[in-house]
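This report describes one protein chain, from single residues up to the overall form.

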Amino acid sequence: MRTVLFSLLAFLCGIIALVAGVYVYRNLHWYDANTRALKKVNATEKQVTLPSGNIINYGEVENDKPALLLIHGQMGQWEDYATVMPELSKKWHIYAIDVYGHGQSTHKEELYYLDTNADDLIWFIDHVIGQKTVVSGHSNGAITAAYIGAYGGKNVKGVVLEDP
């Protein structure tokens, strides 16, 4: 009886160790899924320098589809959209940006205001994308997308607000 209980306990400990190992591995290697997804769609990281000298860093999935601008939330970066890019790229030419203070975009405190970010993204739509664009934002990025929808002009085709 004691041997059976010990064997059962050892088996349960083995299962717990396996589950914990998988959990730790996935949490230490979460970026692998992002890397695979970005390679799958051939996403390229680019930068544009605005007339003000500020830099907007972005990822682009080029194709002949309509333009979609993705704006991440607070503490994010353009690569946060990596795992949805393969599906989105079936219907969209994707531009996923780093807002000021995030990723490789300019880090200057005076740029961290809604109107400053949004006005420069309107410039980005007009001068980099250069065509009618659907703007999608998540969290704080949704607030920026709403501003762009209100003040963006002729090249803003629509706005998607995700958890503003």
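Which residues does Tyr-58 touch, not counting residues up to four places away in sequence? In this predicted model, Tyr-58 touches Thr-44, Glu-45, Lys-46, Gln-47, Val-48, Trp-78, Tyr-95, Ala-96, Ile-97, Phe-124 and Val-128. Tyr-58 sits in strand E2. With a relative accessible area of 6%, Tyr-58 is buried, since buried means under 20%. Between the C-alpha atoms of Tyr-58 and Ala-96 the distance in space is 5.4 Å, although their positions lie 38 residues apart in sequence as a separation.

Asn-57 also belongs to strand E2, which covers residues 55–61. Asn-57 counts as buried because its relative accessibility is 2%. Leaving out residues up to four places away in sequence, Asn-57 touches Glu-45, Lys-46, Gln-47, Trp-78, Ala-96, Ile-97, Asp-98, Gln-104 and Ser-105. From Asn-57 to His-127 the separation is 70 residues in sequence and 14 Å in space, C-alpha to C-alpha.

**Helix H5**

Helix H5 has twelve residues, 140–151. At 1.5 Å a residue they should span 16 Å, and the end C-alpha atoms are 17 Å apart, so the two values agree. Gly-141, Ala-142, Thr-144, Ala-145, Tyr-147 and Ile-148 are the buried residues of H5. An α-helix has 3.6 residues a turn, so residues three or four places apart point the same way. The cover over the buried residues of H5 includes strand E3 (67–71), helix H4 (114–129), strand E5 (133–138) and strand E6 (156–162). Gly-153, just after H5, takes a positive phi of about 85°.

**Positive phi outside glycine**

Most residues other than glycine have a negative phi. Two residues that are not glycine and have a positive phi are listed here.

| Residue | Phi | Location | Relative accessible area |
|---|---|---|---|
| Met-75 | about 65° | loop between E3 and helix H3 (85–88) | 74% |
| Asp-163 | about 55° | segment after E6 | 55% |

Met-75 is exposed at 74%, and Asp-163 counts as exposed at 55%, because exposed means over 50%.

**The whole chain**

The protein has five helices and six strands. Read from the N terminus, its elements follow the order α-α-β-β-β-α-β-α-β-α-β.

How does the radius of gyration stand against that of a compact globule of 164 residues? The protein has 21 Å, whereas such a globule would have a value near 15 Å. Along the principal axes, the C-alpha atoms fill a box of roughly 80 × 35 × 25 Å.

Of the 164 residues, 38% are buried. Among contacts with a separation of 6 or more, 66% are between residues 24 or more positions apart. The exposed area of the protein is about 9900 Å², and carbon and sulfur atoms supply 59% of it. There are 13 positive and 17 negative side chains, and the centres of the two sets lie 12 Å apart.

Technical notes: Residues numbered from 1 in each chain as written. Heavy atoms only, no water. Helix = DSSP H or I, 4+ residues; strand = E, 2+ residues; numbered from the N terminus. Expected span 1.5 Å × (residues − 1). Buried < 20%, exposed > 50% of the residue type's maximum accessible area, 1.4 Å probe, protein only. Contact = heavy atoms within 4.5 Å. Rg over C-alpha atoms; globule rule 2.2 N^0.38 Å. Areas by Shrake-Rupley, 256 points an atom, 1.4 Å probe, with all protein chains shown as cover. Lys, Arg positive; Asp, Glu negative; His and termini not counted. Charge placed at Lys NZ, Arg CZ, Asp CG, Glu CD.
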